[in-house]
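Thanks for sharing this one. Here are a few friendly notes to read alongside the coordinates.

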Amino acid sequence: MVTSISGGDERPVLYADSEGSAALVAIGLEQLLQLLLVAPWWRDCRAFTEEESRELAAEYLEDMPDLIARRDRAATALGLELPTEAEALAALRRVATEAGRDFILIFTPENTPYDRLIND
């Protein structure tokens, strides 16, 4: 872990989409970067299975064949150790469904909560 990335602070990272859904997706910048580098297709995962992730990865690799090389260069430059896809998606699901229970994002113009993006 590079201290310049985390700085010792483990702050929650929330994601909100334009359709009114939100989720806690990471605890700290390091965990967020790991997710984005290892599984940039996380938003399309619904079942969080290895098969689903493999299919989504294939689509991404079709559009960007050098994705893995780019990912590895970015991780090296940032000093990040990368988890497997399964580990990154499991961490996302755990953070969103366990720690995320305590985080409710409010759409302030209407004072209404966002729907949960990731459910148990």
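The points below cover the core, one helix pair and a single strand residue.

1. A word on the source before anything else: this is a predicted model, so please read each point below as a description of that prediction.

2. The largest nonpolar core holds 20 residues, and those touching the most other members are V25, L35, W41, W42, L89, L92 and I118. Two or more residues each are contributed by β2 (21-27), α2 (29-38), α3 (50-63) and α5 (85-97). The largest share, 4 residues, belongs to α5. As general background, nonpolar side chains in soluble globular proteins tend to be buried together.

3. W41 deserves a look of its own. Setting aside residues up to four places away in sequence, W41 touches S53, L56, A57, Y60, L67 and E85.

4. How do α2 and α5 pack? Their axes lie 9 Å apart, at an angle of about 130°, which makes α2 oblique to α5. The crossing of α2 past α5 is left-handed. On the α2 side the contact uses Q31, L35 and V38, while α5 supplies E85, A88, L89, A91, L92 and V95. By type, the residues of this contact are 7 nonpolar, 1 polar and 1 charged. You may like to view L35, L89 and L92 here, since they also appear among the core residues with the most contacts to other members.

5. Finally, is S21, in strand β2, buried or exposed? S21 counts as buried because its relative accessibility is 14%, under the 20% cut-off. Beyond its neighbours within four places in sequence, S21 contacts Y15, A16, Y114, D115 and L117.

Terms used
Residues are numbered from 1 along each chain as its sequence is written. This is a predicted model: local features need pLDDT of at least 70, side-chain atom pairs count only at pLDDT 80 or more; totals for chains, interfaces and linings use all residues. Side-chain values use heavy atoms; hydrogens and water are left out. A nonpolar core is a set of buried Ala, Val, Leu, Ile, Met, Phe, Trp, Tyr and Cys residues joined through side-chain atoms within 4.5 Å. Buried means under 20% relative accessible area, exposed over 50%, partly exposed in between (1.4 Å probe, protein chains only). Contact means heavy atoms within 4.5 Å. Axes are lines fitted to C-alpha atoms, for helices over the stretch in contact, and angles run from 0 to 180 degrees between N-to-C directions. Angles under 35 degrees count as roughly parallel, over 145 as roughly antiparallel, 65 to 115 as roughly perpendicular and the rest as oblique. A crossing is left-handed if the near helix is turned anticlockwise from the far one by less than a right angle, and right-handed if clockwise. Ala, Val, Leu, Ile, Met, Phe, Trp, Tyr, Cys and Pro count as nonpolar, Asp, Glu, Lys and Arg as charged, and the others, Gly among them, as polar.
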